[in-house]
Amino acid sequence: LGGCGILGVGIWLAVTQGNFATLSSSFPSLSAANLLIVTGTFVMIIGFVGCIGAIKENKCLLLS
C-alpha cells in the first residue's frame, strides 16, 4: 500500500507541477515526480514478490 501511495503522489506531482520540481538542471528528467514514480513502482514490485512468496511459502521470494 505504501508503494501505491508513493506512486500516486509521484503521478500527481507529474501532472500538476510539470517541470517545476526539477532537481538538477543538467538532468531535466531527474525530477521529484519521476523519482517518486520509480520509487513507488520499485516498492510495489518488492511487496508483490513478498506476498507471492508468503502464499507459496517460497524462501527465495520471501528473502527479497
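The mean pLDDT of the protein, where pLDDT is the predictor's confidence in each residue from 0 to 100, is 83, and 83% of its residues reach 70 or more. This is a predicted model, in which local features need pLDDT of at least 70 and side-chain atom pairs count only at pLDDT 80 or more, while totals for chains, interfaces and linings use all residues. Residues are numbered from 1 along each chain as its sequence is written, and side-chain values use heavy atoms, with hydrogens and water left out.

Helices here are DSSP runs of H or I with at least four residues, numbered from the N terminus. Among the elements of the protein, helix 2 has the highest mean pLDDT, 89, and helix 3 the lowest, 80. Helix 2 covers residues 32-56, and because 1.5 Å is counted for each residue (times one less than the number of residues), its 25 residues should span 36 Å, which agrees with the 36 Å between its end C-alpha atoms. An unreviewed UniProt entry lists residues 32-55 as "transmembrane region", an annotation that may be inferred rather than shown by experiment; over this stretch the chain is 100% helix and 0% strand. After helix 2 comes glutamate 57, whose phi is positive, near 55°.

The buried residues of helix 2 (under 20% relative accessible area, with a 1.4 Å probe and protein chains only) are Ala33, Gly40 and Gly53. Two cysteines are listed below, where exposed means over 50% and partly exposed lies in between.

| Residue | Relative accessible area | State |
|---|---|---|
| Cysteine 51 | 49% | partly exposed |
| Cysteine 60 | 60% | exposed |

The structure holds 0 disulfides, a disulfide being a pair of cysteine sulfur atoms within 2.5 Å.

Key. Helices (H or I, at least four residues) and strands (E, at least two) are DSSP runs, numbered from the N terminus.
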